[in-house]
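The exercises that follow are meant to be worked through with the sequence and the structure side by side. Each one sets a task and then gives a solution that goes step by step.

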Amino acid sequence: MMDDWTTLGYLASAVLFILGLKRLSRPRTAVRGNQFGATGMLIAIVVTLTDNAILGFEWIIAGLVLGTAVGAVLAVRVQMTAMPELVALFNGFGGGASVLVAAASYIEAADLATDTPRLSAAAGLAALIGAVTFTGSLIAFGKLRESLKWSGFKGMQVVSVVGVAAAVVFGVLMVADAGNALWIWLMVAVAAGLGVLVVSPIGGADMPVVIALLNSLSGMAAVAAGFVLDNSLLIIAGSLVGASGLILTQIMCVAMNRSLLAVMFSPAPSGAGGPSADDVYAGKVRSTSADDVAMLLEAAERVAIVPGYGLAVAQAQHAVRDLARRLEDRGTQVVFGIHPVAGRMPGHMNVLLAEAEIGYEQLVEMDDINPTFEQTDVTIVLGANDVVNPIARTDPSSPIAGMPILDVDKSGVVVVIKRSLSPGFAGIPNPLFAADNSMMLFGDGREAVVSITKALQQI
């Protein structure tokens with residue numbers, strides 16, 4: 001009877017995971033999808049622990065209470081600007097958990113002389129992928145927080161190749177000499193080093209791709225751990241995470257016009273040798289004021305707002321919401337143009353704007369909004385840079401050549417809110433800032449938007 005209940009619980013969890021993942025593909029249903037996934041995981045944990053009868057209910061309840069408390073604290077205290085770092089840590093914890101599961105199961109099987117080639121191979125894969133994910137995620141965390149500047153050393157790629165060869169050797173030894181726990185710990189050590197070596201040289205501009213890939217790797221590590229434990233639900237859940245992460249990684253690569261191999265193993269393109277900022281901006285940049293922008297908005301019928309990481313840094317999402325509502329009260333149509341790699345993680349801008357209770361129907365993806373910019377009276381660019389740089393379309397030698405961008409330069413008027421003319425991650429000047437139909441509103445993003453809203457109220 002217990003086996004029947006376990007199977008039924010696992011089936012319910014798997015269905016909830018699939019339904020949740022489906023709903024996560026659209027902003028309007030994402031919250032419900034997250035709830036489905038969390039419920040499925042709760043069922044899976046309770047069913048697994050009660051089925052194995054390892055822990056009493058008091059321990060299960062205590063674990064649930066502790067985990068809920070930690071999650072609640074993180075949800076309340078972590079700022080939206082720090083969400084990418086938190087996601088990176090989550091990926092790392094998933095990989096670390098797979099390492100612990102694989103090591104414990106491998107050592108237990110060796111002690112009991114019940115090891116099999118299948119278990120040893122699965123444990124080796126879980127240890128390899130999990131350890132790479134764990135240390136790679138920690139490096140990504142440090143880079144996202146801008147507290148880690150180290151980008152490696154000369155000859156790092158050679159050391160990485162040697163590390164991969166060593167991991168293969170230790171994997172073979174884990175199968176051939178399964179009774180020796182030394183091999184799995186050597187595998188973990190080498191894999192942990194590989195995670196550091198692979199992620200350290202990658203720049204901040206490529207972090208959305210790295211986070212998506214690490215998310216996929218954490219799922220693949222869970223699949224391997226599922227084979228170690230012979231747990232079908234863990235295999236299903238890990239497969240869903242791994243597959244969806246790979247799809248998202250590909251979407252991010254396409255949005256940056258770079259291959260995954262180029263992101264992982266080639267240095268980011270440099271803007272050296274291109275036109276200097278003086279050549280692009282000298283005598284061409286027009287500064288404006290909040291009052292002037294308010295007058296433009298007052299006469300506009302359609303306004304587009306393009307958010308970038310600068311919006312997150314300024315915590316301007318609520319100020320932007322207030323401005324959008326003020327414009328809508330005047331009968332102006334307001335939409336938000338979302339680039340796939342705007343921010344520091346996939347979907348960063350969507351999450352940020354949803355937190356400010358901006359309607360999902362107003363969040364328009366790049367492919368859908370680009371054809372409408374020619375009919376847009378005013379576009380406000382807040383904190384974005386490379387994703388609106390028209391040089392991607394015109395200069396084949398540019399570091400961002402061929403990268404799909406938001407065609408904001410085709411709008412009637414473009415207002416760029418930025419602290420300075422500093423370049424984005426690509427390190428190149430942006431001709432948009434000096435275009436004939438562009439104006440710069442220099443200052444803090446939130447304060448600038450608040451000033452525009454106040455000026456609009458007085459018109």
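A residue counts as buried when its relative accessible area is under 20%, as exposed when it is over 50%, and as partly exposed in between. The model is a predicted one, and the exercises should be read with that in mind.

**Exercise 1. A salt bridge between two loops**

Task: Find where Asp 206 and Arg 258 lie, and decide whether they are buried or exposed.

Solution: Begin with the total, since a search of the whole structure finds eight salt bridges. One of them joins the side chains of Asp 206 and Arg 258, with 2.7 Å from N to O. Next, place the partners along the chain: Asp 206 is in the loop between α7 (182-199) and α8, while Arg 258 is in the loop between α9 (232-256) and α10 (260-265), so that the pair links distant parts of the chain, 52 residues apart. Finally, apply the cut-off given above, by which both Asp 206 and Arg 258 are buried.

**Exercise 2. Two further salt bridges**

Task: Work out which parts of the chain the salt bridge of Asp 409 and Arg 393 ties together, and classify the two partners in the salt bridge of Asp 322 and Arg 321 by their accessibility.

Solution: The side chains of Asp 409 and Arg 393 meet at 2.6 Å, N to O. Because Asp 409 lies in the loop between α17 (391-394) and β5, and Arg 393 in helix α17, the pair ties together parts that are 16 residues apart in sequence. Salt bridges with shared partners extend this into one network of Arg 393, Asp 407, Asp 409 and Lys 410. The relative accessible area of Arg 393 is 40%, so Arg 393 is partly exposed.

Turn now to the other pair, in which the side chains of Asp 322 and Arg 321 form a salt bridge of 3.2 Å, N to O. Asp 322 has a relative accessible area of 36% and is therefore partly exposed, whereas Arg 321, with 17%, counts as buried.

**Exercise 3. The span and setting of helix α8**

Task: Check the length of helix α8 against what its number of residues leads one to expect, and then describe the surroundings of Ser 218.

Solution: Helix α8 covers residues 207-229, which makes 23 residues, and at 1.5 Å a residue it should span 33 Å. The C-alpha atoms at its ends are 33 Å apart, which agrees with that expectation. As for its setting, 19 of the 23 residues are buried, so α8 is largely enclosed by the rest of the structure. Ser 218 belongs to this helix and counts as buried because its relative accessibility is 10%. When residues up to four places away in sequence are not counted, Ser 218 touches Asn 91, Gly 95, Thr 133 and Val 241. After the helix comes Asp 230, which has a positive phi, near 55°.

**Exercise 4. Two residues in two helices**

Task: Say which helices hold Leu 119 and Trp 5, and whether each residue is buried or exposed.

Solution: Leu 119 is part of helix α5 (residues 117-144), and its relative accessible area of 14% is why it counts as buried. Apart from its neighbours within four places in sequence, Leu 119 is in contact with Ser 105, Tyr 106, Ala 109 and Val 228.

Trp 5 sits in helix α1 (residues 2-23), and since its relative accessibility is 54%, Trp 5 counts as exposed. Together with Leu 8, Leu 11, Val 15 and Leu 19, Trp 5 makes a nonpolar surface patch of about 490 Å².

**Exercise 5. Following parallel strands**

Task: Trace the strand pairings from β1 to β6, and find how well β4 is covered.

Solution: Strand β1 (residues 302-307) runs parallel to β4, to which five bridges join it, and Pro 307 stands opposite Leu 382. Five bridges also join β4 to β5, again in parallel, with Ile 380 having Val 415 as its bridge partner. From β5 (residues 413-418), five bridges lead on to the parallel strand β6, where Met 439 stands opposite Val 415.

For the covering, note that five of the five residues of β4 (residues 378-382) are buried, so this strand is largely enclosed by the rest of the structure. Both of its faces are covered, with Val 378, Ile 380 and Leu 382 on one side and Thr 379 and Val 381 on the other. Strand β6 (residues 438-442) is mostly covered, as four of its five residues are buried.

How values were computed. Residues numbered from 1 in each chain as written. Predicted model: local features only at pLDDT ≥ 70, side-chain atom pairs only at ≥ 80, totals over all residues. Heavy atoms only, no water. Buried < 20%, exposed > 50% of the residue type's maximum accessible area, 1.4 Å probe, protein only. Contact = heavy atoms within 4.5 Å. Patch = residues over 30% accessible without salt bridge, like charges linked within 9 Å, V, L, I, M, F, W, Y side chains within 5 Å. Areas by Shrake-Rupley, 256 points an atom, 1.4 Å probe, with all protein chains shown as cover. Salt bridge = Lys/Arg side-chain N within 4 Å of Asp/Glu carboxyl O. Expected span 1.5 Å × (residues − 1). Pairing = 2+ DSSP bridges.
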